[in-house]
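Here's a quick briefing to read with the model open beside you. It covers one helix and what comes after, then the main pocket.

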Amino acid sequence: MPPHVRPATVADIPATLEIYNHAVLHTTASYDLEAVSLETRLAWFDHKQAGGWPVLVLEQGDEVVGWATYGPFRDKPGYAATVEHSVYIRDGLRGAGLGRMLMLALIADATARDFHIMVGGVDAENADSLAFHARSGFVQVAHFRQVGRKFGRWLDLAFLQRVLDGGN
Ligand SMILES: CC(C)(COP(=O)(O)OP(=O)(O)OC[C@H]1O[C@@H](n2cnc3c(N)ncnc32)[C@H](O)[C@@H]1OP(=O)(O)O)[C@@H](O)C(=O)NCCC(=O)NCCS
């Protein structure tokens with residue numbers, strides 16, 4: 001079967017966690033500092049499901065090779081039309097159009113649910129993600145200096161946003 005996007009099930013969580021933990025341990029894509037346990041990730045998935053937030057996976061040849069999600073941007077009710085997302089593709093499979101498939105599915109889901117703005121927080125060193133987001137219609141709106149610390153150095157965080165519904 002060609003690569004396709006579908007909602008995650010609990011059985012997908014170990015594969016999505018492996019993809020995520022590789023990025024945690026080797027990159028600044030996530031500001032988690034240590035590998036996340038399966039127990040913590042399963043609780044995260046439960047929380048996502050209870051809140052009605054999508055967790056999508058990209059399946060290729062019976063293997064989960066990417067995942068994506070979105071959820072609240074900030075808690076106060078006035079932010080309710082804004083969501084913040086994450087997208088991760090397995091190391092070694094990037095640059096082949098898989099991230100785009102997940103991003104298009106996330107944007108379609110959020111647009112169908114009448115969210116207005118999608119925000120991404122991207123480490124300013126993460127050139128792949130900055131380019132990917134630019135190609136996905138996001139514009140950078142903020143650059144926070146030294147708000148993160150990992151691998152013994154301060155990290156800058158960029159915020160990017162995309163309008164989902166044309167500004168209605
Ligand atoms: C960011 C990430 C999800 C992109 O996924 P991907 O599968 O590599 O991206 P795609 O191949 O689908 O690329 C989609 C578009 O982005 C562009 N793009 C992706 N990576 C790029 C790069 N390094 N340089 C320039 N353009 C890039 C592609 O050229 C493509 O544009 P096009 O259709 O006009 O050619 C992937 O690199 C990844 O998982 N990185 C590690 C985790 C991460 O950083 N996640 C984001 C956290 S904020």
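Right after α3 comes D114, and its phi is positive, near 65°. Keep in mind that this is a predicted model. From D114 we can step back into α3 itself, then move on to the largest pocket, which α3 helps to line.

**Helix α3**
- α3 has 15 residues, which at 1.5 Å a residue should span 21 Å; the C-alpha atoms at its ends are 21 Å apart, so the two agree.
- Its buried residues are L98, G99, L102, M103, L106, I107 and A110.
- Those buried residues sit on the same side of α3, because they cover an arc of only 165° around the axis.
- The general rule behind such a pattern is that an α-helix has 3.6 residues a turn, so residues three or four places apart point the same way.
- Look to the other side of α3 and you'll find L104 and A112, both exposed.

**The largest pocket**
- The largest pocket holds about 1,200 Å³ of space.
- It is lined by 43 residues, and the closest to its centre are A29, H85, S86, V87 and Y88.
- Helices giving two or more residues to that lining are α1 (13–26), α2 (38–51), α3 (98–112) and α4 (127–135).
- Strands β3 (63–72), β4 (82–89), β5 (117–123) and β7 (153–163) also give two or more residues each.
- β4 gives the most to the lining, with six residues.
- Sorted by class, the lining has 20 nonpolar, 15 polar and eight charged residues.

Technical notes. Residues are numbered from 1 along each chain as its sequence is written. This is a predicted model: local features need pLDDT of at least 70, side-chain atom pairs count only at pLDDT 80 or more; totals for chains, interfaces and linings use all residues. Side-chain values use heavy atoms; hydrogens and water are left out. On a 1 Å grid over the protein atoms alone, a cavity is a set of points where a 1.4 Å probe fits but cannot get out, and a pocket is an open set with protein on both sides within 12 Å along at least five of seven lines; lining residues have an atom within 4 Å of a point. Grid points are joined across faces, edges and corners, and a volume is the space filled by probe spheres set on the points. Helices (H or I, at least four residues) and strands (E, at least two) are DSSP runs, numbered from the N terminus. Ala, Val, Leu, Ile, Met, Phe, Trp, Tyr, Cys and Pro count as nonpolar, Asp, Glu, Lys and Arg as charged, and the others, Gly among them, as polar. The expected span of a helix is 1.5 Å times one less than its number of residues. Buried means under 20% relative accessible area, exposed over 50%, partly exposed in between (1.4 Å probe, protein chains only). The arc is that of the directions from the helix axis to the C-beta atoms.
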